[in-house]
Amino acid sequence: MIPLYYYLILSSVIFSIGLVGFIIRRDLIVMLMCLELMFNAVNISFVAFSCYNGSLTGQVFTLFSIGVAASEAAIGLAIVLALFRNISAVHTDEITQLRG
Amino acid sequence: MEKYYILILLFPLAGFLFNILIGRFVSPKVVSWAGVLSILGSLVVALLAIAQVFSGKTIEYNIYTWILSDDLKISFGYLIDQLTAVMLIVVCFVGWLIHVYSVGYMHGDPGYPRYFAYLNLFVFSMLMLVMGNNLVQLYFGWEAVGLCSYFLIGFWYHKKTAADAGKKAFIVNRIGDFGFALGIFLLFISVYALNYTDVFPKIPGLQGQAVNILGWDVDLITLIALLLFCGAVGKSAQIPLYVWLPDAMEGPTPVSALIHAATMVTAGVFMVSRLNPIYNLSEVALAVVAIIGCVTSFFAATIGLVQRDMKRIIAYSTISQIGYMFLGCGVAAYGAGIFHLYTHGFFKALLFLCAGSVMHAMAGELDIYKMGGLKKKMPITYITFLIAALTISGIPGLSGFFSKDEILWFTYACGKPYGKFLWILGTITAALTAFYTFRILFVAFHGKFRGSEEQFKHVHESPPIMTIPLIVLAIGSILVGYFSVPHFLEPVVGEPVVTVPHEQERFVMIVSIIAGLTGIFIAWYMYISNPAFPERLTQRFSGIFKVLWNKYYVDELYSFLFVKPALWFADKFIEVFTDIKIIEGIVNGIPNLCYRVGSWVRQVQTGYLQQYAIYMIIGICIFILIILSM
C-alpha cells in the first residue's frame, strides 16, 4: 500500500508545474494545457483522499471535475480559435486590447 | 346611514380618477357623463344629508384615524351642520350646473378629459374643506382648492398669460396659506386638539393669554385669529392679496364661475364663520376682518368702474362682494355673511356663465366696447344677465337684496365705533356695484353693434346645454333669498349684536335700495340716454381715470417691491452662488470624483493575462494564510 503523502506530493508537484507553466508561458494553447495539469493534480488528491477515507464522495467529485474540465477545454480552445481567426495571434503579449 | 354621507366626497373623487386615468381613451361623451353624473351623485346624497340637518340633526361621523403620533391624533371624518348644509347647496348645486354648462362650452377642446378631471377634483377639494370635522381636513381642502385653481387657471398652458396667471394665483395663495398654517399650528399647541368639537370648548380658556413676539406681548386669540385670517385674505382675494383673482380669468370661463361662485374664494368666509368662537373673542381680529372686507369691497368696486374687459369687471365685482361677506363676518353677523355667500354663489355663477355665453358668440372677444346690441341675437343670455344684474344691484324681491341688506343692517347696528363709517362705505359700494354691472349690460347688450359686420353675423344664442343652466341659475337668483339663512344658521354661529332700535332697519333698507337704483340710473344716463357723457367725464378726470384704469398701479407696486427684488436676488445670489457653486458643484463633483478614482484604479488592468493570474494566486494565498492563521 502506497502511503497517502506520496500521492499528495505527486499532486502538489503536478499542480506547481501547471501553475508555474500558466504564469510563465505566453502561448495560449500551452496555458490551457497547464490548466489541465492543475485540474488533474487536484483530481489525484481527490481520489487519494477518497481511498484513504473509504468514502466515494471524492471519486464522484473527480468525475464531475473531469466533465467540467472537458467542457472547459472545448470552450477554451474555441475561444483561442476565434481569437486567432480575428487577430492572428495566440501569444498573450499581443492580446492586450482589454487594457484599462 | 350616517357613514354613507362619505359618498358626497367619493363621487367627485371617482369622477376625477376616471377622467384622469381613462378619460383620454374613451369618447368625450363618456367623459362628460362621468364628470356631470359624479357631481349629480354627490348633490343627491348631499340633499339627503341636508334633509337630516333640516330636521334638526347634526351629523358628525369619524371614519378612521388618519394620522396618529403621540399627542397628535388626526381623524378623518365629517361634520354636517347647518353651516355645512348651506355650503353643500352652493358647492354641489352651482358646481353641478357649471359642469353641465361646461359640456357645451368646452365642446371640442383637446384637453376635454383633463378639464373635467380637474373640475371634479376641484369640487372634491371644496367638499373636503366644508365637510371636514377638523382643522387638518380644512387645511387639506384649503390647499387642494389652491392646487386645482392653479391647474385650471393655467388650463391653456401653451398661452403664456394663462400659465403666468396660474403661477400668480398659486404663489399669492401660498403667502396667505403660510399664515394660515401658522395659525393652525398655534391653535394646536394652545389647545392640543384639532377636531372642531374639541377645540371650541377650550377657546374661552385661552382668553387673557399672551404670546411674546420680539418683545411685544400679543393676545393669543387675536394672533391666532389674524394668522388664520391671513389665509382667508389670500384665498378669498382681499386686500392686499387680491391681485391673483382678476388674472384668474385666463382660464376657461366656467372655471372662473366655479372659482368665483362655488369653490375657492368663498372658502375664507366659510373658515371665518366656522371658527367663529375664536373670532368672537377677539375685538381686534373682528375689526380687522370688517375693515379689510369693507375697504376691499369699495376699492375693487372703483376699479371695476372703468375696466373694459367683461370678465375682468365681473372678477372685480367678486372681490367686492367677498369683501361684503367679510364685512358681515367682521360685525359678528356670520349668518348674514354666509347668506350673501349663498346668494352670491348663484348670481355670480350666472354672470360668469352669461359672459361665457357672450364669449362663445363673439369668438372669444371680451371688450364690451366691441359688442353692443347683443340683446336681440341672444335673448336668453340677455334676460338671464339682466336678472343677475338686478340681483347683484340689490333690487327688492331678488336674492341679492336680502343678503346685502342683512349685512348693511348689521354693520349699521353693530355698535362699534367704526360701524357707521363702514356702513356708509358699504352703501356707496352698493351704488358702484349697480353702476358697473349695468354698464356691462347697457354697453354690451344695448345700442348698436360696434364690431365688424362679419362678427355680427356670427353672433348667435348658445346651445341649450349652456342656456338651460343659465335659466336655472336665474330662477335660483330670484328665489334663493326667500330661504332665511341667517336664522337657519343661528345654532352654529349665534345671533349678531344689534344696538340700535329695530325701526331703523327700514331706513337702512331704503338707503340701500336708493343706492342701487342710483347706480342703475347713472349707468342708464351715461350709456343709453347720453352716450357722449362718459367720454367727457374721462377727459375731465383723466388723472383719476388713469389710476383706476391701471388698477391703482398695485400690480406695478408689487412687481417693484417683491417680484423685481426676488428676481434680482435669484439672479445675483441664487444662480451664482447656490446654483453654480453648491448644486452644480455637487452634481458635477461626484462624477468627477468617480473619474479620478477610476483613472487611478484602472492602471491595475493591464490586459496581460499572466498578470491577472498572478493577482489571483496572490489573492488565494492571502486567503489561505488568513484561514490558516485563524
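**Group meeting: a predicted two-chain model**

I begin with a record. The UniProt annotation "domain: NADH-Ubiquinone oxidoreductase (complex I) chain 5 N-terminal", from an unreviewed entry, covers residues 66-116 of chain B. In the structure before you, which is a predicted model, that span is 57% helix and 25% strand, and its end C-alpha atoms lie 28 Å apart. A second annotation, also from an unreviewed UniProt entry, is "domain: NADH:quinone oxidoreductase/Mrp antiporter transmembrane", listed for residues 133-432 of chain B. There the computed content is 74% helix and 3% strand, with 39 Å between the end C-alpha atoms.

Before going further, a word on confidence. The model has an ipTM of 0.85 and a pTM of 0.80. For chain B the average pLDDT is 89, and 100% of the residues score at least 70.

Let me now describe chain B as a whole. Its secondary structure consists of 27 helices and 4 strands. Taken along the principal axes, the C-alpha atoms fill a box of roughly 110 × 65 × 55 Å. Of the 630 residues in chain B, 49% are buried. If we take the contacts in chain B between residues at least 6 apart in sequence, 81% of them join residues at least 24 apart.

The strands deserve some attention. Strand β1 of chain B, residues 59-69, pairs with strand β2, residues 72-80, in the antiparallel sense over 9 bridges. Within this pairing, B:T65 has B:S75 in β2(B) as its bridge partner. The hairpin of β1(B) and β2(B) has 2 residues between the strands, and B:D70 in that hairpin takes a positive phi near 55 degrees.

The other pairing in my notes joins strand β3 of chain B, residues 210-213, to strand β4, residues 216-219; these run antiparallel and are joined by 4 bridges. Here B:V211 stands opposite B:V218 in β4(B). This hairpin also has 2 residues between its strands, and B:L214 in the turn has a positive phi of about 50 degrees.

As background for what follows, most residues other than glycine have a negative phi, and most peptide bonds are trans. Where in chain B does B:K551, with its positive phi, lie, and is this residue buried or exposed? B:K551 is not a glycine, yet its phi is positive, at about 55 degrees. The residue sits in the loop between α25 (542-549) and α26 (554-601) of chain B. It has 20 other C-beta atoms within 10 Å, and therefore counts as buried.

Turning to the peptide bonds, the one from B:I239 to B:P240 is cis, with omega near 0 degrees. B:P240 belongs to the loop between α8 (220-235) and α9 (244-247) of chain B.

One further residue of chain B is B:I428, which is placed in helix α19 (residues 419-445). Because B:I428 has 17 C-beta neighbours inside 10 Å, it counts as partly exposed. Its C-alpha atom is separated by 9.6 Å from that of B:A301, although the two residues are 127 residues apart along the chain.

I turn to chain A, which has 3 helices and 0 strands. Along the sequence the pattern is α-α-α. The radius of gyration of chain A is 17 Å, well over the 13 Å that the globule rule gives for 100 residues, so chain A is more spread out than a compact globule. The C-alpha trace of chain A spans about 50 × 25 × 25 Å along its principal axes. Of the 100 residues in this chain, 11% count as buried. Among contacts in chain A with a separation of 6 or more, 47% come from residues 24 or more positions apart.

Chain A has a residue with a positive phi to report as well: A:S88, at about 50 degrees, although it is not a glycine. A:S88 lies in the segment after α3 (57-87) of chain A. With 8 other C-beta atoms within 10 Å, this serine is exposed.

Finally, the interface. How many residues of chain A are in contact with chain B? There are 9 residues of chain A in contact with 10 residues of chain B. On the side of chain A that touches chain B, the residues divide into 4 nonpolar, 4 polar and 1 charged.

How values were computed: Residues numbered from 1 in each chain as written. Chains lettered and ligands numbered in written order. Predicted model: local features only at pLDDT ≥ 70, side-chain atom pairs only at ≥ 80, totals over all residues. Contact = placed C-beta atoms within 7 Å. Nonpolar A, V, L, I, M, F, W, Y, C, P; charged D, E, K, R; others polar. UniProt positions renumbered as here; feature names shortened; annotations may be inferred. Pairing = 2+ DSSP bridges. Rg over C-alpha atoms; globule rule 2.2 N^0.38 Å. Buried ≥ 20, exposed ≤ 12 C-beta atoms within 10 Å, placed from the backbone. pLDDT = per-residue confidence, 0-100.
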